[in-house]
Amino acid sequence: MIVDLLNNNNLKKAKKSSNFTILSNESDSTDGHGGYGAGLINLDHMTPLFINIDEQEAFVDMGALHARAAVEKRVKFIPTLEDVPTEGMKRYWLIWITIDTKDKKPYYSGIGACYMTVNKGAKRGYKSMPEHVNQMDKALKGKVSVEKMDEPSRKVLADFLKAHSEDIWNESTTLHEALKV
């Protein structure tokens, strides 16, 4: 039996890759060189924070960057809130947080808040993907978007950020105004 190694039909078809790539290193996609990597998103300074609305708890789950957080696993998300069974449902805010520097001091530069529900028993949840993308984009661009959040959840967010780093919190005056603390 003769196998032609140069014939691509003998090889398994490679998985198609998407045109979306996330950088995770020191290169800067905005430095203007226009070559390989231009226009990519760098998520090195972004953290996803969940707030359980009913239990008033905050926790970080980096899996959310790829929609693979513990609360999202084994749940089919549907675009209509009313279709998620309410018995056993948990409500969350997914907060996208970015850190930047000014005057060589870090500060919370961007915050985007997204509402979502999860019913693990029913394996259903609600989230608006366009809202998640838009809020993540706002946070990446240094904007603070928390106006839809309820007041107790804003307090949980503020307390978590203060506890994480008092110095970073003190430099984040725009955030103080937005959270009304």
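Me: What makes a set of residues a nonpolar core in this predicted model?
Reply: A nonpolar core is a set of buried Ala, Val, Leu, Ile, Met, Phe, Trp, Tyr and Cys residues joined through side-chain atoms within 4.5 Å. The largest such core here has 23 residues. Trp-93, Ile-95, Ile-97, Ile-111, Met-149, Leu-157 and Leu-161 touch the most other members. Two or more residues each come from strand 3 (46-52), strand 6 (90-102), strand 7 (105-119), helix 2 (151-164), helix 3 (166-171) and helix 4 (173-179). Another core, of 15 residues, lies apart from it, and includes Ala-69, Val-75, Leu-94 and Met-136.

Me: What does Leu-157 touch, leaving out residues up to four places away in sequence?
Reply: Leu-157 touches Leu-49, Ile-51, Ile-95, Ile-97, Ile-111, Val-146, Met-149 and Leu-179. Leu-157 is also one of the buried residues of helix 2.

Me: Which other residues of helix 2 are buried, and what do the buried residues pack against?
Reply: Ser-153, Arg-154, Val-156, Ala-158 and Leu-161 are buried as well. The buried residues of helix 2 pack against strand 3, strand 4 (57-60), strand 6, strand 7, helix 3 and helix 4.

Me: How do you know that the span of helix 2 is close to the expected one?
Reply: Helix 2 has 14 residues and reaches 20 Å from its first C-alpha to its last. At 1.5 Å a residue, 20 Å is expected. The two values agree closely.

Me: Why is Asp-159 called partly exposed?
Reply: Asp-159 has 34% relative accessibility. Buried means under 20%, and exposed means over 50%. The value lies in between, so Asp-159 counts as partly exposed. Asp-159 is in helix 2. In sequence, Asp-159 and Ala-58 are 101 residues apart; in space, they are 9.3 Å apart, C-alpha to C-alpha.

Me: Why does Glu-131 have no salt bridge?
Reply: A salt bridge needs a side-chain nitrogen of Lys or Arg within 4 Å of a carboxyl oxygen of Asp or Glu. For Glu-131, the nearest side chain of opposite charge is Lys-148, 4.3 Å away. That is outside the cut-off, so no salt bridge is counted. Glu-131 is buried nonetheless. Glu-131 sits in helix 1 (residues 129-140). Beyond four places in sequence, Glu-131 touches Ala-113, Cys-114, Tyr-115 and Lys-148.

Me: What makes up the secondary structure of the protein chain, and in what order do the elements run?
Reply: The chain has four helices and nine strands. From the N terminus, the order is β-β-β-β-β-β-β-β-α-β-α-α-α.

Me: How many of the contacts with a separation of 6 or more join residues 24 or more positions apart?
Reply: Such pairs account for 59% of those contacts. Buried residues make up 37% of the 181 residues.

How values were computed:
Residues are numbered from 1 along each chain as its sequence is written. This is a predicted model: local features need pLDDT of at least 70, side-chain atom pairs count only at pLDDT 80 or more; totals for chains, interfaces and linings use all residues. Side-chain values use heavy atoms; hydrogens and water are left out. Buried means under 20% relative accessible area, exposed over 50%, partly exposed in between (1.4 Å probe, protein chains only). Contact means heavy atoms within 4.5 Å. The expected span of a helix is 1.5 Å times one less than its number of residues. Lys and Arg count as positive and Asp and Glu as negative; His and the chain ends are not counted.
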